[in-house]
Amino acid sequence: MASIPSSSSEPSIPDSEYTGLDRSRILAHPLSTSDTPTSPSPARSVSLSLSSFLTGYPNVSLSGPTSPSNAVSPSHLSAIASLISQSFAPRVSIFASTDANEFARDKGFASVLDLFRPFGDVVPGPVVVRDTQGISTTLEDFGIRFTSSALFPSTQTSHQQSPTKLRKEPAAPCFDLQDLDTLLDIYLDQSQKRSVAKDMNGPPNGLHDDLYYKFLQRLLASPPVSPHESFSHPVAGIIAISSRNPQPIETLSSLYKAGNDAPVPPYMSKDYLRYYVLIHDEDQSELDRSVALFERMKRHFGTHCHMVRMRSTKADLSSSEPIVEMSPSKWISAAEEIAFLKEPPETNVRYIFDNDVQNMRTFTQELVVKSLIPFMERCVATWNNQIAASRRGLTGRFFSASRRLLGSNSRGSGSGTNNNATSGNYDPVAGSYGFMTAESQMRKLADYAFMIRDWKLAHSTYDLLAKDFLNDKAWKYHAGSQEMAAASLILSGTPLTSKTRADTLEPLLDSATYSYISRCSQPTYALRTILISSELLRSRGGGAADDAARWLMKAISEKLMGSLAHALIIERVSACYSIRKGVGSQGWGNRRRKAAFWQLVAAKEWVSLDKRQHARLCLDEAGENVYDALDWTDEPGQVLFDLRQSTESMVYDSSIS
């Protein structure tokens, strides 16, 4: 099988000579809401601004109306695609020495991971990626996800246990439904308090979209490590020490060995990029010694090294130098955000020196532009040329047909051995492929192509893999490949005609959701499939928006979410219908009445959950768009009249309290 190609040597540019950063954006995200370093202001409440968590730049406002009764603006469309693309960012594990973690704690952070994590949300400056055809694409919103080195479970392989005793462990859900509902409850309570305090009769615009996209981002933020997809597997590993270390080279070697010898599941490869980082302590270490050490690191470990110059002093409001407020990562999990919001605001405020920000931005961009992206491009090219290309040709088709024939014969022979259970490399007892199998490497090819946004290669590879997984009865792999094939097809910009949606997208989504729910007992992955595809379909408008609403109705009928998320998705059905504006002066073909009806259904659901302030927003929009023009809807006994009565009494009580 093809192995990951070795990293090519590239010259390293010292920090002092680096001039590629766009300094006008350096503090925009995720560290501050101002473009210039100033004395930090008191902690602010969590904002539900769509632009702040979709684009990562709080000062950027999305143009056009934000109400779900209006069409999605072009900038909003790009933000939707950006949100989904960033949710599948490459994972970079951090292996830090004890002295490096002590350095981070001196600065007021829990660990090196806690210090590095916010800087991976959006890489500063443009990132240029090349597809397999050599065509370059410039990405302004590329990000990476720093993760812990202790992320991977320790499992025993099949040769360590007998096949009769080896059992497949229950698969982890894609996300925690209870945490998402708890977080939604916090969001709704905060928005209700702000709305009542601001203007009892003037609800904030755009709250619907903001709340839904915040929910979607948290849903996609932290998928578990799973054998059927490699998005949560490490693409690179950072081995970090500080200048305080008495034996730096030996420590780096021991950290590399510890990571290389760590027990991982048999479906996970350890052939990922290693990147060595020296954190220079500006307050306690001599620069000349750190520079000499950095040169030794490059001689021992190659050019994938970087020295970050930072102060170990903890920044605070009394500091004389410019400082910046450090916000948490935009991609924390729902559980992490709940813990963050429950803490007193003053305990969550952390500051960092402006010079440290610049140096961390330089490090992040150099890591991505000079090491990570070239590494992923080489992996994609190697796997595509050595494995996928042969499978797409005539020989590959003949090989697949032979596998199907031999597989059916072996199953018909009545043998009960593991080798004859399927026709391929799939182990049905462990529920996975080995990391060196062709299927596993092709899945990584498709995932890497998706992460660097080569949508067409990703779609063709997912589609090819789905046939092999179906033949092997690897149902979770099969569902995952179809889920991502649908997403990459929509993201590729392929025209979504009614025939394309009916003949291609519909079977992919239907089979993926059925397999996740019925064959794999993984309803959270089915919900992820529906929400990603429906949001992308809605962004296309026209008949695709109707399909988006229909898929959301399927999620509602299957009861795939908690009670608050259930009401939120009912409301989202209305948003899908509302973007159909129709044609001509009469708006023929619009879905105005359907949108208003689903707003009423959502309002009824919100009232039953005692979220009447949000119910009032739904009623106001439904009335403004359709029902206020009808006299009979304001009569006692009508649904709209009764719901308005209950929400108005609640708003009055809230204003008094």
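**Exercises on a predicted model**

**Exercise 1.** Decide whether Arg528 is buried or exposed in this predicted model.

Solution. The relative accessibility of Arg528 is 1%. The cut-off for buried is under 20%, so Arg528 counts as buried. Next, place the residue: Arg528 belongs to helix H16, which covers residues 523-540. Finally, list its contacts, leaving aside neighbours within four places in sequence: these are Phe88, Cys174, Phe175, Leu219, Leu220, Pro223, Glu229, Glu483 and Tyr516.

**Exercise 2.** State which residues line the largest cavity, and which helix gives the most to the lining.

Solution. Start with the count: there are 11 cavities of 30 Å³ or more in the structure. The volume of the largest cavity is about 80 Å³. Its lining consists of Pro227, Glu229, Ser230, His233, Tyr267, Tyr433, Ser440, Arg443, Lys444 and Tyr477. Sorted by class, four of these residues are nonpolar, three polar and three charged. Helix H12 (residues 438-451) gives the most, with three residues. Glu229 links this exercise to the previous one: Glu229 lines the largest cavity and is in contact with Arg528.

**Exercise 3.** For Arg453 and Lys473, find the phi value, the loop and the exposure class.

Solution. Most residues other than glycine have a negative phi. Arg453, not a glycine, has a positive phi of about 65°. Arg453 sits in the loop between H12 and helix H13 (455-472). Its relative accessible area is 15%, so Arg453 is buried.

Lys473 also has a positive phi, near 55°. Its loop runs between H13 and helix H14 (475-491). With a relative accessible area of 46%, Lys473 is partly exposed.

Technical notes
Residues are numbered from 1 along each chain as its sequence is written. This is a predicted model: local features need pLDDT of at least 70, side-chain atom pairs count only at pLDDT 80 or more; totals for chains, interfaces and linings use all residues. Side-chain values use heavy atoms; hydrogens and water are left out. Helices (H or I, at least four residues) and strands (E, at least two) are DSSP runs, numbered from the N terminus. Buried means under 20% relative accessible area, exposed over 50%, partly exposed in between (1.4 Å probe, protein chains only). Contact means heavy atoms within 4.5 Å. On a 1 Å grid over the protein atoms alone, a cavity is a set of points where a 1.4 Å probe fits but cannot get out, and a pocket is an open set with protein on both sides within 12 Å along at least five of seven lines; lining residues have an atom within 4 Å of a point. Grid points are joined across faces, edges and corners, and a volume is the space filled by probe spheres set on the points. Ala, Val, Leu, Ile, Met, Phe, Trp, Tyr, Cys and Pro count as nonpolar, Asp, Glu, Lys and Arg as charged, and the others, Gly among them, as polar.
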